[in-house]
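Q: Could you take me through one part of this structure up close? I'd like to start with the sheet and then see what sits around the rest.

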Amino acid sequence: MEILKCEGLTKKYGSGAGEVTALDGISLSVQQGEFVAVMGASGSGKSTLLHILGTVDQPTAGRVMVEGVDISALNPREAAIFRRRKVGIVYQFYNLIPTLTIRKNILMPLLLDRRRPNADYFDRVTQTLGIRDKLESLPGQLSGGQQQRAAIARALIYRPAILLADEPTGNLDRKNSEEVVDLLRLSNRNLKQTILLITHDEKIALKADRIVTLEDGRIAGDRRQGQGGEQ
């Protein structure tokens, strides 16, 4: 089932001689349960794409459909509600609340939306991410890798239609980076979570099912990965 569809997605900043085209007519389709890495150098448009998919920004032209909803047409209030309920976002900075336990940090999106947590799903998420024994700790008592696991759990807890991971390993060393991406892979498999991973690191991207490469705001490559290499 198609869960994400971009049609002619264009984003321009400025005007006249100073106009910059960050995205130039991107069309992209993602199926439910896919793990897609979006690669590109600085200035390729990958961060702009993530901001639009996350309803933080709007396109100049084109549209984005998530679960059949045209998110590019939402007003700011509608976009905020949609983002809170349907789009999970993980950044390289963990953004955990330092005075709250890991348990409360993970549950915060549900509490803000006045939704009752599903205890079984909470257990599955925290077990999958290996932080069951850290739930009563404060963020400052955890390592960087453990804090990122908690941030991923927070993004997964309300079962978003799509999880956007924006350079989630940018603050971590190689060992922790590989562990975090392996956990995203595990979340994709065990929880059937659709994931778009934004990265400039090819070794990280190779963990995904599919790699979409951006150059100058356009899709320069789109290849699927199979066991043992590219298909």
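A: Sure! Keep in mind that this is a predicted model. Let's start with the sheet: it is open and has four strands, in the order E2-E1-E4-E5, with antiparallel pairing. At its edges you'll find strand E2 (20-31) and strand E5 (69-70), each of which pairs on one side only. A helix comes in here too: H1, residues 46-53, packs on the sheet and touches E1, E2 and strand E4 (61-66). The direction of H1 makes about 120° with that of E1.

If you're new to sheets, here's the general idea: strands pair through backbone hydrogen bonds, and they can do so in a parallel or an antiparallel way. Now zoom in on one pair. Strand E1 (residues 2-13) and E2 are joined in the antiparallel sense over nine bridges. To pick out one bridge, find Thr10, then look across to its partner in E2, Asp24.

Follow the chain to the loop between E4 and E5, and you'll meet Glu67. Glu67 has a phi near 50°, a positive value in a residue that isn't glycine. Its relative accessibility is 37%, so Glu67 counts as partly exposed. Another residue to look at is Asn95, in the loop between E6 and H3. Asn95 isn't a glycine either, yet its phi is positive, about 55°.

Next, have a look at helix H5 (residues 144-156). Its 13 residues reach 18 Å from the first C-alpha to the last, close to the 18 Å expected at 1.5 Å a residue. Eleven of those 13 residues are buried, so H5 is largely enclosed by the rest of the structure. Among the buried ones are Gly145, Gln147, Arg149, Ile152 and Leu156. What's covering them? The cover includes strand E6 (87-91), helix H3 (102-112), helix H4 (119-128), strand E7 (162-166) and helix H6 (174-190).

Finally, some empty space. In general, rolling a probe the size of a water molecule over the atoms shows where space is left. The largest pocket here holds about 330 Å³. It is lined by 17 residues, and the closest to its centre are Ile89, Pro109, Arg154, Ala155 and Tyr158. Helix H2 (76-86), E6, H3 and H5 each supply at least two residues of that lining. E6 gives the largest share, with five residues. Two of the residues closest to the pocket centre, Arg154 and Ala155, are also on the list of buried residues of H5.

Technical notes:
Residues numbered from 1 in each chain as written. Predicted model: local features only at pLDDT ≥ 70, side-chain atom pairs only at ≥ 80, totals over all residues. Heavy atoms only, no water. Pairing = 2+ DSSP bridges. Contact = heavy atoms within 4.5 Å. Axes fitted to C-alpha atoms, helices over the stretch in contact; angles between N-to-C directions. Expected span 1.5 Å × (residues − 1). Buried < 20%, exposed > 50% of the residue type's maximum accessible area, 1.4 Å probe, protein only. 1 Å grid on protein atoms, 1.4 Å probe; cavity = no way out; pocket = protein on both sides within 12 Å on 5 of 7 lines; lining within 4 Å. Points joined across faces, edges and corners; volume = space filled by probe spheres on them.
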